[in-house]
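Reader: I would like a close look at a single part of this protein, taken strand by strand. Please set out the pairing and the packing, and then place that part beside the rest of the chain.

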Amino acid sequence: MKTIFILLDSWREDEIDKMDFVKSLKSKSRYGQVESLLGYGGHLETIFSGKEIEEHGFWFNIMKSENSKLKWLSKFNVKSKLVKKFFSYLNISKMLLRREDYLLRLYNFNFKDLKYLDFSKKRLTCLEDNLFRELEKEKKRFWYFNYPFSYDGKKKINWVKYSDKKVMELLKKNLERNYDFYFVHLLGLDKVGHSYGVGEERVKKLKEIDLLIKNIFKEDYNLIIVGDHGMYDVKETIDVKIDDGLMFLDSTVARFWFLKSKEKVKKKLEKLGMKVLEKEDYEKYKVRMKDDRYGELIGICRKGSMIFPNSYNDDISKGMHGYLDENPGFLIYNSEGEDKIKFKDFYLVLKEFLLNRKISN
Ligand SMILES: [Zn+2]
């Protein structure tokens, strides 16, 4: 039996009902809310390893590093966006040639900070020590797509142009082949959410994806659809101007290193309406890291606000995510159980589907 895992980027639980086909699967499915991870990264790593962020160690895309691979860019400390774009694409080409995973645009970064900042991840998740290695051991075959690469267990293929339709067509083609496990990450819904917010355009996109899913579906597939985070309309922006240490601004998270007066910065962030992570938050969200590579001090926006300017966005987005407690949606066809699940539990679900390992607890 084939198992298909669709990571539907930014899919909210309440959006299941806007998709006629997916909705029709509800009566034979387990569905509801996934307990969200804090921040932007770590979803795939958690799903495929069954470990919390603090155990597998991958959290934000950018981290502090003593020997950053991006160091060479810090020499070109220019203001011009055009010049920065040139270097940013040069870096992406370099990474593509080396078949590296993370292809982030860097031109909104402060290049001088790249002396200390680096990508936290360098390889495809399916190449790391996780479920995929267990599949290989049991001679199970997989097909994996996570932008911009597809991987069939042997060969990695570059994908430069992306559309949900293209990826789903590629999935359909590969479903005719003899794989046991299929993973695709669909990005379109997230993109529409950022550009238009959670209104009409988003509903249109949900309907489109609904049809794409219907088009590949067969009754005897194990189908899992999971959102990685939510999406909320942006109602205000926050200008984080703090001149102390090293600062990195994700879209809704401000992170700091080498601070001289931590308390002062903390007060400033709170004054801006941000929540500064405390010891009990690190515990609650299971992000007690071994070191401070993701930040000595971390402040998070409240829902509906966005940091701008920040290190990623060219313009103010209409929709944003990266808040506390977003609890995205999930649906597991051919399964029953509670309407709440944790990201790390998908590992057990997949093991049961693919390796017939019964979930015992
Ligand atoms: Zn997004």
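**The four-stranded sheet**

Author: In this predicted model, strands β14 and β15 are paired antiparallel, with two bridges between them. In that pair, Val-276 faces Gly-299 of β15. The sheet to which these strands belong is open and has four strands, ordered β12-β13-β15-β14, with antiparallel pairing. Its edges are β12, residues 246-249, and β14, residues 275-276, each of which has a pairing on one side only. As general background, the strands of a sheet are held in register by backbone hydrogen bonds, in either a parallel or an antiparallel arrangement.

From the edge strand β12, the chain passes to β13 by a hairpin of three residues. The two strands run antiparallel and are joined by four bridges. Within this pair, Met-247 is opposite Phe-256 of β13.

Next comes the pairing of β13 with β15. Strand β13 covers residues 253-257 and β15 covers residues 297-300; they too run antiparallel, and four bridges join them. Two of the facing positions can be named: Val-253 is opposite Ile-300 in β15, and Arg-255 has Ile-298 of β15 as its bridge partner.

Burial can be followed along the same two strands. Of the five residues of β13, four are buried, so the strand is mostly covered under a cut-off of 20 or more other C-beta atoms within 10 Å. Strand β15 is covered on both faces: Leu-297 and Gly-299 are buried on one side, and Ile-298 and Ile-300 are buried on the other. In general, side chains of a regular strand alternate between the two faces of the sheet.

A helix also belongs to this picture. Helix α9, residues 262-271, lies across β13, β14 and β15, and runs at about 5° to β15.

For the rest of the chain, a helix pair can be set beside the sheet. Helix α6 (residues 164-175) packs with helix α8 (residues 200-216) at about 10°, and the axes are 10 Å apart. Because angles under 35 degrees count as roughly parallel, α6 is described as roughly parallel to α8. On the α6 side, the contact is made by Asp-164, Lys-165, Met-168, Leu-171, Lys-172 and Leu-175, which meet Ile-209, Leu-212, Asn-215 and Ile-216 of α8. By class, the residues of this contact are six nonpolar, one polar and three charged.

A loop residue shows the other end of the burial scale. Glu-338 sits in the loop between β18 (329-333) and β19 (340-342). Glu-338 counts as exposed because it has 9 C-beta neighbours inside 10 Å, where the limit is 12 or fewer. Glu-338 is separated from Arg-30 by 308 residues in sequence, yet their C-alpha atoms are 7.0 Å apart.

Finally, the domain assignment lists domain 1 as 3-56 + 124-232 + 325-355 and domain 2 as 67-115. The C-alpha centres of domain 1 and domain 2 are 30 Å apart.

Methods
Residues are numbered from 1 along each chain as its sequence is written. This is a predicted model: local features need pLDDT of at least 70, side-chain atom pairs count only at pLDDT 80 or more; totals for chains, interfaces and linings use all residues. Axes are lines fitted to C-alpha atoms, for helices over the stretch in contact, and angles run from 0 to 180 degrees between N-to-C directions. Angles under 35 degrees count as roughly parallel, over 145 as roughly antiparallel, 65 to 115 as roughly perpendicular and the rest as oblique. Two residues are in contact if their C-beta atoms, placed from the backbone, lie within 7 Å. Ala, Val, Leu, Ile, Met, Phe, Trp, Tyr, Cys and Pro count as nonpolar, Asp, Glu, Lys and Arg as charged, and the others, Gly among them, as polar. Two strands pair if DSSP finds at least two bridges between them. Domain bounds come from an automatic or database domain assignment.
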